[in-house]
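User: Got a minute to walk me through a model? I'd like the overall picture before we get into side chains.

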Amino acid sequence: MTGKRANAQTASIENLRTEGAFGFPANLATTLCDSDDLRVQVCNDEQSLVVQAIVWKDSSDALGETSDGRAIGDRSSLLIDVDFDEKQTAELDRTYSLNPWPVRPGLQYTIPYKQGSSHILGDSKGHGSIRYVTVSDGKKVRVDSYVIPLAEIKAETGKPIGIAFMATSASPEFIVNSIDFTTDRQRYYAFNLPYKDFDVVTLVSGAESIDVSKVPSGRKDQKRAEKPKVKPLLKIGAVPGALTAEQWLNTDSAPTLKSLKGKVVLIDFWATWCVPCVAGIPHLNELYEKHKDEGLQIIGFTDQSRKGIEEFQKNVKMDYPVGVGSELGAEFGVKGLPHLFLIGRDGKLVWEGLPNDEAFEKTLADALDANVETPAETNHDKPSLDPGATFSLDFPKLGKTWRGESTKAGVYIPDDYISEKKFPLFVWFGGGAGTDDPKKAIAITGGSGFVCLAVPYRSDDDGESGGWQTPWSFYKTIFDKLESIVPNIDSQRRVCGGHSSGGAAIMYQIGNSEESFQDYFFAFMPGGAGWPMGGLATIKGRPMLALMGENDKRLPNFKKLEEEARAAEIDFQLLLFKDTGHKMPAEYHGEIREWMVKNVVTRDR
C-alpha cells in the first residue's frame, strides 16, 4: 500500500478516518464499528491480524483511579473468538489488552480456562500501543493499534473469527465498545461482553503484506507509574528512616519516629485488594485498644490513594493512623503484602514478618515491657533542637490556664531544621479551652519549614481577663522564652493561626494589644470565629487568611470581617470549607500551607 499515513505529529481528521495511522491500510480493512465515539477496523496478511481503533473523544493520557484508589490509565481489550462458536473456548480463545495496568504497558494477554483465566501474560510475539495523534487543528485523538501473530492464536486464513473491542478512558472517564453492548453498571469489563454479539471477520487469504513495523510498541510506555526499586529487607536492629506518605488519615499530624521514640511502633504495609491484609485489620484494632495505654502505636501504610482508602473505611473501621500514597514499603524491603515491622522503644527494629508468625505476640509483649530511658520532654533548660523534636516550656509563674492546668506551651522543631538558617514561626491558638499540643500546627505545616508553637489561654477564675481575651503580656512571656531557646526564628516572618476560640483570640489581640500583637506577627489566620474588634487599620497591607466552614452559623461574622478588612486595605482572603460546619477539615491543610509559604516564607517584606 502507498499513501500518506497519519503519525503522532499531525494528520487531518479525515485522513485519520480514511487512511488510518502508523501504516494501517484503512482503505483495505473491514470496518466493525464507525460511530461518533469509536471507529474499529480489522485487516490481516498471511502472518498477522492487525486491528486499529480510533477513540475520538479521548485526547488525554492522564492516569485515573480504580474504585479502591489504585492508579490506572487508558487501556483497551481485544477479545478473539478463535473458533467462532459464539462462546468462550478454554485454552483457545484470547483476550489481548493494551496497558491493562500502568506497570504492565504495551500488549498483554490472558487465556481462558474452564474455571477462570490465566494471569496477565506479557510474552506475546505481537505488539501494540496506545498513542495520541495530533490532528491538524491542534487537538489530539487516541489511536489503539494491535498486531497479533496468526500462529499465536492458531487462526487460519480463509476461516472466520469473532472479534470485540473495548476501550476505557481514565480521563475523561468513559467506556466504549464495538458491539453496542450496554449495561446499567457505571463500569464494566471485557469479560462482560457476550460472545454471541461478537463481529465475524473472515481472515483474507493471499492478502497484501502489511508493514507492521510501523505500529509502535508500547511495552516501555507509562514509566511514570513504575514503582521505586525495592531495597534489601530491613534487618533486625536497624533504625528505620523517615515515615513518608503523600497524605494521612485518622490523625491530625504526620507521625514521625522522632516524636514516637519511647513508644513501641507497629508498622503494617497493606492494601485493600489484599485479602489477608483486610482480614487482619480487626485484630490490629484489638491490639491497639488493648495496648495503647502501654505505649503501642500502630501505623498502616498503603500506596493507594486517599480517595480509595476513605471509601474503604466507610465499611471497615481502622482505629490507627494510615499513610496513603506511600512508597515507604520499598525502603523497608517489602515485596509482598501484608508485611509488618515492630520497632522497639529505642527506635530499633525488633521483629518483621507476617501477622500469623508465632513469635510476633511474644516479641510485642517483650517490647512493651522494655523500659527505655528517654530525656524528659518538658526539660526546657536544655531542650532538643534536633529536627522533628517536640518539647514543652513550663511557666509556673503564669498560673493556671483556661483548662485549669499549669501553664505550658508546646514547641515543635521542623524536620528540616538547621541552626545556620532562619525559620519562620507559626503560633497556633487552639479551639475550645485552648491547647499546649502543637499537633494541629504540625499537621498544617506538614512538619517542615516552620518552628511551631501551641499557646494556651490564661484562666479567668481570678476575675482577671482570660480565655480568648487573655492579655498580651501573658503571650509575650511565652514568646520571649521560646526565642531565647530557638535563637534563629525569623522575626520578620511570624504567623499566627487559630480556630474557634483561637480565631476570636487573634481578632481580640489585634483590637486590644495596643499594636504589640501586630508588631510581633506579620500574617494572621483567624478561623471558625472572630469578628472585627478594632485595630484592622494597623495591619494595612498585611496578609490575612480567614478560615470558615460554609455551613458555620458564624459565617456572617466573617462576612463582616471581610468587608472591614478590605476597607482597611488588608491583603485579605477567605477560605470556605465546603459542606462543613464549625470544623477545620484536614483536607484543607495543604491549601493553608501553600498560603503560608506564599505570604510568609517567600513574600518580600
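Analyst: Sure, we can start with the whole chain and then go through helices, strands, rings and charges. Keep in mind that this is a predicted model.

User: What helices and strands are in the protein chain?

Analyst: The protein chain has 13 helices and 27 strands. Its C-alpha atoms fill a box of roughly 100 × 65 × 45 Å along the principal axes.

User: How much of the protein chain counts as buried?

Analyst: Of its 605 residues, 52% count as buried. On contacts with a separation of 6 or more, 66% come from residues 24 or more positions apart.

User: OK, helix α13. Which of its residues are buried?

Analyst: Helix α13 covers residues 589-601, and the buried ones are H589, I592, W595, M596, N599 and V600. Looking down the axis of α13, these buried residues fall within an arc of 120 degrees, so they line one face of the helix.

User: And what does the face turned away from the buried side carry?

Analyst: That face of α13 carries the exposed residues E594 and K598.

User: What do the buried residues of α13 pack against?

Analyst: They pack against one helix and several strands: α8 (439-445), plus β22 (423-429), β24 (489-499), β25 (523-527), β26 (543-549) and β27 (571-577).

User: Let's take β25 from that list. How many of its residues are buried?

Analyst: Five of the five residues in β25 are buried, so to speak of it as mostly covered is fair. Both faces are covered: A523, M525 and G527 are buried on one side, while F524 and P526 are buried on the other.

User: Which strands is β25 joined to by bridges?

Analyst: β24 and β25 run parallel and are joined by five bridges. β25 and β26 also run parallel, with two bridges joining them. G527 of β25 takes part in both pairings: H499 has G527 as its bridge partner in β25, and in β26 the bridge partner of G527 is L547.

User: Switching to rings. How many aromatic pairs are there in the whole structure?

Analyst: A search of the whole structure turns up 29 aromatic pairs. One of them is F517 with F524: the ring centres are 6.2 Å apart and the planes sit at 35 degrees, so the pair is tilted.

User: Are those two buried or exposed?

Analyst: Buried. F517 has a relative accessible area of 0%, and F524 is at 0% relative accessibility as well.

User: Which aromatic cluster do F517 and F524 belong to?

Analyst: They sit in one made up of F429, W472, F474, Y475, F479, F517, Y520, F521 and F524.

User: Which charged side chains lie over a ring face?

Analyst: Examples include R494, which lies over the face of Y520 at 3.8 Å from the ring centre. Another is K421, over the face of F423 at 4.8 Å from the ring centre. Y520 is also a member of the aromatic cluster I just listed.

User: Which side chain does R494 meet in a salt bridge?

Analyst: R494 meets E483, at 3.0 Å from N to O. This pair links distant parts of the chain, with E483 in helix α9 (residues 472-485) and R494 in strand β24, 11 residues apart. R494 is buried at a relative accessible area of 8%, whereas E483 is partly exposed at 23% relative accessibility.

User: How many salt bridges does the structure hold?

Analyst: It holds 25 salt bridges. Among them is K362 with D366, at 3.0 Å from N to O.

User: Where do K362 and D366 sit in helix α7?

Analyst: They are four residues apart in α7 (residues 358-369), so about one helical turn separates them. K362 is exposed with a relative accessible area of 56%, and D366 is partly exposed at 41%.

User: What about D197 and K196, how far from N to O?

Analyst: Their side chains meet in a salt bridge at 3.4 Å. D197 is partly exposed, with a relative accessible area of 33%, while K196 counts as exposed at 55% relative accessibility.

User: Last one: which residues do salt bridges with shared partners join into one network?

Analyst: R17, D34 and R39 are joined that way.

How values were computed: Residues numbered from 1 in each chain as written. Predicted model: local features only at pLDDT ≥ 70, side-chain atom pairs only at ≥ 80, totals over all residues. Heavy atoms only, no water. Buried < 20%, exposed > 50% of the residue type's maximum accessible area, 1.4 Å probe, protein only. Arc of directions from axis to C-beta. Contact = heavy atoms within 4.5 Å. Phe/Tyr/Trp six-rings, centres within 6.5 Å; stacked < 30°, edge-to-face > 60°. Lys NZ or Arg CZ within 6 Å of the ring centre and 35° of its normal. Salt bridge = Lys/Arg side-chain N within 4 Å of Asp/Glu carboxyl O. Pairing = 2+ DSSP bridges.
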